[in-house]
Amino acid sequence: MEIIQNYSLAELQDLMKEWGEKPFRAKQIMDNIVLSKPISSCSNIPNELKQKLLENFYDEPLKIHTILNGKDGTQKFAYELTDGNIIEGVLMHYKYGNTLCVSTQVGCRMGCKFCASTLNGLARNLTAGEILSQVLVVNAYLGGKKDRDRQVTNVVLMGSGEPLDNYDNVIKFIHLLNAKEGLNISARNISLSTCGIVPNILRLAKENLPIVLTISLHAPNDEIRKKIMPIANKYSIHEIIDAAKKYFESTNRRVIFEYALTDGVNNTPECARELAGLVHGFPSHVNLIPLNEVKERDLKTVTRKKAEQFANLLQKLGVSVTIRRTIGEDIGGACGQLRNKIIKDNSNIE
Ligand code: SAH
């Protein structure tokens, strides 16, 4: 059994052909997928075909398990997959639209010291359809009816998991999300965040998909980076910066560097100077995030004042920089926190 959300329109057309069905059924099925309808409630599909679909596919790809509402309007979703695994995402409401943060794996194997997603390691990769379904169910939850009424306007691959460690499914997901007959979300409104898997950044640069690339740098040199991000033992910062430059050259999209300010680890003036030297001379932007403290970890965040001092120094050195608003703190905004709580409690919160 699999989920039908993994299929593109062309693949559904092939399937209908194989099953001896009329080709237009593929588009009807796709319309139901976009509306996030369970197969069993697709009223425009003949019963016989519906039965055949249900013999081959799960009725629903995932279900919303929990919704937490933050004071600032941020909403955190936990979803239950067909195999019982729990994943999570965050919905942020902005003036220009709604941004949904999606997970790409169940857990993560990257082992970053500040991150809650990786505490239990990697359970499995998500399929393209499972990543897509997070967007579809939230779009339907918000009242969206296809592209005429698109409620989720922007998607960021910044939830649990390392997107470039699940490369093929992630690329397929972006194509499905982008498709005219799907939600038709433009590549420009999609951001992908990676801890820096260099060969796959280079592959991504050649996909002809102008999505925004965000790289989790978090340190200005390999020595500090190795202390908090095990991936730094595999790829050096210089290889990452080179890959980011190549990404810019082939997509013309400015690369964003994420830098979680962690007191006493990466926030000295020397760190700011080193960071400025790294990103100097090519179109990029530094996003400073005061660390979202995770209770299982002993790393400490910085005060607003210290964050501003760090940002001001970078600015003086000619770096384009902003301090990201910390959002959803009261609902465990950091990756993996809600999933871990559900696994521990093993009970419904709402
Ligand atoms: N694996 C990808 C995407 C998931 S994490 C990556 O590493 O980029 C999304 C972003 O949140 C990354 O920049 C990550 O480093 C950051 N992050 C994770 N835990 C955090 C925490 N406790 N506080 C602040 N940022 C955190």
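1. K172 is partly exposed, its relative accessible area being 27%. The model under review is predicted, and in it the side chain of K172 meets that of E11 in a salt bridge, with an N to O distance of 2.7 Å. E11 also counts as partly exposed, at 32% relative accessibility. The bridge links distant parts of the chain: K172 belongs to helix α5 (residues 167–178) and E11 to helix α1 (residues 9–18), with the two positions 161 residues apart in the numbering. The structure as a whole holds 13 salt bridges.

2. A second salt bridge joins E130 to R124, with 2.9 Å between the closest N and O atoms. E130 has a relative accessible area of 4% and is therefore buried, the limit being under 20%. R124, at 21%, is partly exposed. This bridge is part of a network: D83, R124 and E130 are joined through salt bridges that share partners.

3. E258 and R324 form a further salt bridge, in which the closest N and O atoms are 3.4 Å apart. E258 lies in strand β10 (residues 255–261), whereas R324 lies in the loop between β12 (321–323) and α11 (337–345), so the bridge ties together parts that are 66 residues apart in sequence. How accessible is E258, buried or exposed? E258 is buried, with a relative accessible area of 4%. For R324 the relative accessibility is 33%, and this residue counts as partly exposed.

4. The ligand site deserves separate comment. The ligand is surrounded by 18 residues, of which G161, S193, S216, H218 and N292 are the closest. By class, this shell comprises nine nonpolar, seven polar and two charged residues.

5. Several polar contacts to the ligand may be listed. A polar side-chain atom of H218 lies 2.5 Å from a ligand oxygen atom. The side chain of S216 places an N or O atom 2.6 Å from an oxygen atom of the ligand. At T194 the contact is made by the backbone instead: one of its polar backbone atoms is 3.4 Å from an oxygen atom of the ligand. Taken alone, the ligand exposes 530 Å², and the protein buries 94% of that area.

6. Six aromatic pairs are found in a search of the whole structure. One of them, between Y7 and F57, is edge-to-face, with 5.4 Å from centre to centre and 90° between the planes. Y7 lies in the segment before α1 and F57 in the loop between α3 (47–56) and β1 (62–69), so this pair ties together parts that are 50 residues apart in sequence. Y7 and F57 are both buried.

7. What is the geometry of the pair formed by Y259 and F310? The ring centres are 5.4 Å apart and the planes stand at 25°, so the pair is stacked. Distant parts of the chain are linked here as well: Y259 is in strand β10 and F310 in helix α10 (residues 304–316), 51 residues apart. Both residues, Y259 and F310, are buried. Strand β10 thus recurs in this note, holding Y259 as well as E258 of the salt bridge with R324.

8. Finally, which residues form one aromatic cluster? The cluster consists of F77, Y79 and Y141.

Terms used:
Residues numbered from 1 in each chain as written. Predicted model: local features only at pLDDT ≥ 70, side-chain atom pairs only at ≥ 80, totals over all residues. Heavy atoms only, no water. Salt bridge = Lys/Arg side-chain N within 4 Å of Asp/Glu carboxyl O. Helix = DSSP H or I, 4+ residues; strand = E, 2+ residues; numbered from the N terminus. Buried < 20%, exposed > 50% of the residue type's maximum accessible area, 1.4 Å probe, protein only. Near = heavy atom within 4 Å. Polar contact = N/O pair within 3.5 Å; in protein donor to acceptor, adjacent residues only side chain to side chain. Areas by Shrake-Rupley, 256 points an atom, 1.4 Å probe, with all protein chains shown as cover. Nonpolar A, V, L, I, M, F, W, Y, C, P; charged D, E, K, R; others polar. Phe/Tyr/Trp six-rings, centres within 6.5 Å; stacked < 30°, edge-to-face > 60°.
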